[in-house]
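Please find below my comments on two helical segments of this model. They are set out as numbered points for discussion.

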Amino acid sequence: MARPDLLARVPPLPASGGTALPAAIGRRDGVRVEVAGQWLTSFRSSDYLGLAQQFGVVNALQDAAARDGSTTASPANGGRHAVHDVLEREAAQWLGYPRALLFGSAYLANLAVQQALLGEDGDVCVQDQLNHPSLLDATALAGARLRRYPHLDSEGAMRQLKHAGEGAAMLATEAVFCTDGDAAPLRSLALVARLQEALLYVDDAHGVGVLGEHGAGSVAAAGLGVADVPLQTVTLDTALGGAGALVLGDAHVIEHLATCARPYLYAPMLPPALAAASTAALRLACRDDWRREKLGELVATFRTAARTRGLAMMASEMPIQSLSFPSDSHAQAIARNLQQAGWWIETIDAAASGDGAARVRVRLSALHVPAQVQALVDAIALARDGLQSGTVLPVAATV
């Protein structure tokens with residue numbers, strides 16, 4: 001019997017000879033980036049607090065690189081450095097958790113948590129319908145059953161847990177969802193988890209540094225702690241402008257992950273230089289409340305301008321702001337037009353949005369200024385109007 005050819009499942013390259021790879025940034029200067037020789041004002045970065053190029057962070061990176069080099073090994077092969085311990089200790093103190101464990105990425109962190117805790121017969125992981133793929137993949141890796149509830153619906157989570165049987169249960173959610181910037185109802189989910197004897201696990205990729213007192217994140221902003229959310233993951237590549245992720249929890253749980261979670265033990269540690277840079281960024285994020293205050297002002301500027309121009313906004317008070325459009329072609333045409341004019345924004349396909357509409361997504365940074373935000377909204381509205389009228393799309397210059 002002939003077996004199927006796995007390579008035959010790979011689709012051919014586009015006839016145009018183009019590539020599906022994301023555009024590569026050549027150079028960066030604040031919110032300005034060079035892409036294919038063109039300088040653009042970027043609204044695509046998750047560098048919410050503007051720390052990625054802050055001189056203190058860059059200096060910490062350079063000093064550690066000169067001292068420790070650029071490579072590292074896995075924890076199982078002696079890859080831990082003292083700078084990793086410092087980052088974990090300061091992050092735990094900042095976020096109000098007993099211990100933290102550093103991973104090379106949030107994807108690895110999510111895989112590790114579920115692989116280390118789930119997998120016995122009857123175990124289930126109940127998740128929000130729009131959770132990040134890493135959370136969904138982690139359940140498959142762990143060998144647990146996956147049950148999904150409607151987006152932001154804590155009553156739906158309760159129903160799924162009630163009918164999940166008597167095995168161990170985890171309730172997993174993003175704190176802030178990256179498509180629209182909307183927030184999970186963490187307090188009601190914590191109540192559901194307690195009533196159903198499930199462990200609540202929160203992935204706070206986009207809330208840490210932005211929400212809560214001194215930027216302590218979504219869990220703190222909701223008035224919750226380790227008793228309510230025994231495990232949470234925070235990323236270092238969003239508001240902290242670095243790389244990697246941290247899992248936080250009680251000491252015995254973190255020790256369990258460190259000794260048995262394969263995505264931790266056998267993946268390379270974050271290079272010491274990046275850990276040093278993230279430690280410097282963490283200190284600034286905790287200290288510089290003005291960065292969060294400016295973000296709040298920019299969000300208000302965007303939403304006021306978008307409302308004035310009649311753009312269909314999604315409900316979000318975060319630096320992730322999404323605008324709804326009828327189809328992928330609408331959103332993509334607007335993005336192409338804006339890029340020609342020097343603006344760089346993202347689109348989200350309708351299939352991934354959860355409501356059947358496409359998105360133009362804007363990410364704000366403390367490095368932006370109000371005039372740029374206002375001009376961007378004006379450019380989006382002009383492009384929309386040109387598309388609706390069927391005329392050549394207008395081009396609006398960047399600020």
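1. In this predicted model, the buried residues of helix H1 include Val57, Ala60 and Ala64. These residues lie on the same side of H1, because they cover an arc of only 60 degrees around its axis. In general, an α-helix has 3.6 residues a turn, so positions three or four places apart point the same way.

2. The other side of H1 has a contrasting character: Phe55, Asp63 and Ala66 are exposed there. Exposed here stands for over 50% relative accessible area, and buried for under 20%.

3. As to what covers the buried residues of H1, helix H10 (272–287) is included.

4. H1 comprises 14 residues, 55–68. From the first C-alpha to the last, H1 reaches 20 Å, close to the 20 Å expected at 1.5 Å a residue.

5. Both ends of H1 merit inspection. At the N-terminal end, Gln54 acts as a cap, with a side-chain oxygen 2.7 Å from the backbone nitrogen of Gly56. After H1 comes Gly69, which has a positive phi, near 85 degrees.

6. Which residues of helix H4 (residues 133–142) are buried? They are Ser134, Leu135, Leu136, Ala138, Thr139 and Ala142. The packing partners of these buried residues are helix H3 (106–117) and the strands S5 (124–128), S6 (145–149), S7 (169–174) and S8 (199–204).

7. Gly143 follows H4, and its phi is positive, near 80 degrees. A glycine with positive phi thus comes after H1 and after H4.

Definitions and conventions: Residues numbered from 1 in each chain as written. Predicted model: local features only at pLDDT ≥ 70, side-chain atom pairs only at ≥ 80, totals over all residues. Heavy atoms only, no water. Helix = DSSP H or I, 4+ residues; strand = E, 2+ residues; numbered from the N terminus. Expected span 1.5 Å × (residues − 1). Buried < 20%, exposed > 50% of the residue type's maximum accessible area, 1.4 Å probe, protein only. Arc of directions from axis to C-beta. Contact = heavy atoms within 4.5 Å. Polar contact = N/O pair within 3.5 Å; in protein donor to acceptor, adjacent residues only side chain to side chain.
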